[in-house]
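Today I wanted to look at how helices pack against one another. Here are my notes, kept short.

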Amino acid sequence: MMVARALSADFLKMRRKGIWLLVILGSVGLLAMQGLNFGLRYDYLLQRYQDDPWAGLIGEIFSFVPIALFLGTTLIASQIANVEHGSNSWKQLLALPISRGAVFTAKYLLGIIALTASCLILSCGTVVLGLALKFNPDHIPYLTILKLSFVPFLAALPLFALELWLSLTFKNQALPITLGITAAIASLFAGNYPEWFPLAWPLLSFYGKASPALPVGGGIILAFIIYLAGMGQFRGKDVD
């Protein structure tokens, strides 16, 4: 119940903070980039993917999904934390009759909801883009499109959990943002990393030779561990 109250309050705080604009722009920007890509090279790409244009579109979009996820989680975590940091309202917030654990959990859930909404926009937008490019509407691979949007997100959850923890801990956002940008750049080379390395999990969850259970399951479990560690530290931290 306390988590629900805190989450409701956070939703109200976020109305004018730009987080929902980030949610929309992240997915729409990715789709617009591929729309431009196909628009400029339509004949070439259609010939290249003539056996399955939908698979070609999904592959082109996915090539930017990991870096977009890492940047998106970084920015959303920072925006969530800055609501309290920017107004110096931590003391007032934590003086309310609500546990610190509920406050931390509500902010974590808010980020998950925002990222899930972005993934949903990407799924719907991919279908719309494919239809706009005149791909066969009878061959829409709905399950693959859902996998494109949501499976890498689950594999990338550890970075969000870490980014939110750091963003809530430090008023100066330089460290978490630098870490997030570094992770995003490093994700471009994910194909060279071992399977156990978390930065490789979004790529392996979609293109891995084995089942996506390892990167997805590993992402969920590691994110939960980081969430518990972050909540434990947040409960005992002195807040200015």
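Entry one. I started with helix α7 (residues 100-132) and helix α9 (residues 157-169), keeping in mind that this is a predicted model. I found the two packed at an angle of about 135 degrees, with their axes 11 Å apart. Angles over 145 would count as roughly antiparallel and 65 to 115 as roughly perpendicular, so I wrote α7 and α9 down as oblique to each other. I also noted that their crossing is right-handed.

Next I asked myself which residues make the contact between α7 and α9. From α7 I listed Phe-104, Lys-107, Tyr-108, Gly-111, Ile-112 and Leu-115. From α9 come Leu-157, Phe-160, Ala-161, Leu-164 and Leu-168. I sorted the residues of this contact into nine nonpolar, one polar and one charged.

Entry two. I moved on to helix α2 (residues 19-40) and helix α4 (residues 53-62). For this pair I have an angle of about 125 degrees and axes 10 Å apart. α2 and α4 are therefore oblique to each other. I recorded a right-handed crossing where α2 passes α4.

Which residues make this contact? On the α2 side I have Leu-30, Leu-31, Gln-34, Asn-37 and Phe-38. On the α4 side I have Gly-56, Leu-57, Glu-60 and Ile-61. My tally for the contact of α2 with α4 is five nonpolar, three polar and one charged.

Notes: Residues numbered from 1 in each chain as written. Predicted model: local features only at pLDDT ≥ 70, side-chain atom pairs only at ≥ 80, totals over all residues. Heavy atoms only, no water. Axes fitted to C-alpha atoms, helices over the stretch in contact; angles between N-to-C directions. Helix = DSSP H or I, 4+ residues; strand = E, 2+ residues; numbered from the N terminus. Parallel < 35°, antiparallel > 145°, perpendicular 65-115°, else oblique. Left-handed = near helix turned anticlockwise from the far one by under 90°. Contact = heavy atoms within 4.5 Å. Nonpolar A, V, L, I, M, F, W, Y, C, P; charged D, E, K, R; others polar.
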